[in-house]
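Grab a pencil and have a look at the model below. Then try the exercises before you read the solutions.

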Amino acid sequence: MELDGRVVVVTGGTRGVGAGIARSFLAAGAQVVVCARRPPREPVCADGRTAAFCALDLRDPAAVQEFFDGVGRRYGRLDCLVNNAGGTPYRLLGEGGAERHARVVALNLVAPLTASLAAYPRLREAHGSVLMIGSVSGTRPSPGTAAYGAAKAGLENLARSMAVEWAPEVRVNSLVLGMVRTELAHLHYGDEAGIAAVGATVPLGRLAEPADVGAAAVFLASGRAGYVSGASLLVHGGGERPAFLDAATVNKED
């Protein structure tokens, strides 16, 4: 298969988007290691193959270094790091002190940097790649999740700088995600009617599935993207229809 013999680490790979990415890499033939603070409810599997799990708090630099040292000892190589772990609660800026918002930045920006630095020696040996899982929240206003949006904006810029500093041995790219339907989608969009209504605002008419993200990740990690570095691939179904088009009183179809 396309990634036979490759070793891939997916942070936060036990559920949602991360699990979808891990399954796509498994289906492409890679050996996959997923890490998170808690184990998955069920093993992450695809095509009869299962991802290895390791408990890890990405905000602990010493533990992160030990984890990647262990991956190197066990597998002898590392071909791709997918910095997927992240997230945020809904919190307006005035509802929390700076320390709370700083924790969001630490998880979504500092932790991927910590992981990338720990993984770099093995990635350099394998001429591998890093994938940052970004968000459209980093490219537009993000009310209620401002610290998250700021962190994702920083993550995309960090990836571009890494792509220059670590070339030619390591490629670094970003996937910039829109809305994805995961097992937690109801917490963001409501019941099935809410999810369908939100999906209808996307030009392609639906939310992304984790497998859509996984397919894009496999492409960027593969030889087919061997000359792609410092890029941001939009995986958002066409983006968002500009609000002014609906507010305007001209150019309306009868």
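Three short exercises with worked solutions follow.

This is a predicted model, where local features need pLDDT of at least 70, side-chain atom pairs count only at pLDDT 80 or more, and totals for chains, interfaces and linings use all residues. Residues are numbered from 1 along each chain as its sequence is written, and side-chain values use heavy atoms, with hydrogens and water left out.

**Exercise 1.** Compare the reach of helix α7 with its expected span, and find what covers its buried residues.

Step one: α7 is a DSSP run (H or I, at least four residues; strands are E, at least two), numbered from the N terminus. α7 covers residues 210–221, so 12 residues, and the expected span is 1.5 Å times one less than that number. That gives 16 Å, and the model's 17 Å from first C-alpha to last is close to it.

Step two: buried means under 20% relative accessible area, exposed over 50%, and partly exposed in between (1.4 Å probe, protein chains only). Buried residues of α7 include P210, V213, A217 and L220.

Step three: their cover includes α1, β6, β7, β8 and β9.

**Exercise 2.** Work out which residues L109 touches beyond its sequence neighbours.

Start in helix α3, residues 98–126, where L109 is found. L109 is partly exposed because its relative accessibility is 22%. Leaving aside neighbours within four places, its contacts (heavy atoms within 4.5 Å) are A151, G154, L155 and L158.

**Exercise 3.** Search for disulfides (cysteine sulfur pairs within 2.5 Å).

The whole structure has zero. For C35, the nearest cysteine sulfur is that of C54, 7.0 Å away, too far for a bond. C35 is buried at 1%, while C54 is partly exposed at 29%.
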